[in-house]
Amino acid sequence: MAKDDSMASAIESCRKVSDDGKLVTYDLTNNIDFSKPKKVAEALTEVFFRKDASRWFKVSDENVDFSPDFKVRIVLAEEHSKQLKDTVDDFMKDLQKDGLSRSFSSEINDEADHSQKISNVMAAGAMKAALYKHGEEKILKNYIRDDLFVDILECLEIRTLNNEDLINWKKLPL
């Protein structure tokens, strides 16, 4: 579990699955202390990824396929708007960097290595490959991780009780 087991347990207890299984809702409007947004974000990332997001991905050989069959909605109360925005921003960063990198690091590395090998074969000269290998490898890993993150965002809503979208689309950690 996350560093704060009680926070993760509280968040997990707020998780409800619809009768048809097509929607998972985390109703965090009660019983969650938002005074420490970073801790809430870390616990939410851990629970969300373990319970839901990881089920959206199918890993085979070196490939990671995104195939969701349900959506996730996280509902937050408007009462602490500054803490909520901080929590959502931290959640996005944790999800993109920690959740995806930790869960799919070998697949991201394998995909980047595979793409790098193809690039090297097609490259005009060995000099280019030698000079840019490290930079290209890092860019490919970041691109693959960012691509997985964008896939997750297609099936994730973070809203207030008034249905206000809390994801800051202009400030995504890409």
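The exercises below work through a predicted model of one protein, each with a stepwise solution.

**Exercise 1. Overall layout**

State how many helices and strands the protein has, and in which pattern they follow along the sequence.

Solution.
- Step 1. There are four helices and six strands.
- Step 2. From the start of the sequence to its end, the pattern reads α-β-β-α-β-β-β-α-α-β.
- Step 3. Of the 174 residues, 40% count as buried.
- Step 4. Among contacts between residues at least 6 apart in sequence, 71% join residues at least 24 apart.

**Exercise 2. The sheet**

Give the strand order of the open four-stranded sheet and say which strands stand at the edges.

Solution.
- Step 1. The order is β1-β2-β5-β6, and the pairing is mixed.
- Step 2. β1 (15-17) and β6 have a single partner strand each, so they are the edges, and one side of each lacks a neighbour in the sheet.
- Step 3. On average, neighbouring strands in this sheet are turned by 20° against each other, direction ignored.
- Step 4. β1 and β2 (residues 23-27) run antiparallel and are joined by three bridges; V17 lies opposite V24 in β2.
- Step 5. β5 (residues 71-76) pairs with β6 in the parallel sense over five bridges. Here R159 of β6 is the bridge partner of V75.

**Exercise 3. The faces of β6**

Sort the residues of β6 (residues 156-160) into a covered and an uncovered face.

Solution.
- Step 1. In a regular strand, side chains alternate between the two faces of the sheet.
- Step 2. L156, I158 and T160 form the covered face of β6.
- Step 3. E157 and R159 form the uncovered one.

**Exercise 4. Helix α2**

Check the length of α2 (residues 37-51) against the expected span, and name the strands that α2 touches.

Solution.
- Step 1. With 15 residues at 1.5 Å a residue, α2 should span 21 Å.
- Step 2. The end C-alpha atoms of α2 are 21 Å apart, which agrees.
- Step 3. α2 packs on the sheet and touches β1, β2, β5 and β6. The direction of α2 makes about 160° with that of β2.
- Step 4. Buried residues of α2 include V40, L44, V47 and F48.

**Exercise 5. R15**

Is R15 buried or exposed, and which side chain does R15 join in a polar contact?

Solution.
- Step 1. R15 is found in strand β1.
- Step 2. The relative accessible area of R15 is 18%; the cut-off for buried is under 20%, so R15 is buried.
- Step 3. A polar contact of 3.4 Å links the side chains of R15 and Y26.
- Step 4. Leaving aside neighbours within four places in sequence, the contacts of R15 are V24, T25, Y26, K51, D52 and R55.

Note on methods: Residues numbered from 1 in each chain as written. Predicted model: local features only at pLDDT ≥ 70, side-chain atom pairs only at ≥ 80, totals over all residues. Heavy atoms only, no water. Buried < 20%, exposed > 50% of the residue type's maximum accessible area, 1.4 Å probe, protein only. Helix = DSSP H or I, 4+ residues; strand = E, 2+ residues; numbered from the N terminus. Pairing = 2+ DSSP bridges. Axes fitted to C-alpha atoms, helices over the stretch in contact; angles between N-to-C directions. Contact = heavy atoms within 4.5 Å. Expected span 1.5 Å × (residues − 1). Polar contact = N/O pair within 3.5 Å; in protein donor to acceptor, adjacent residues only side chain to side chain.
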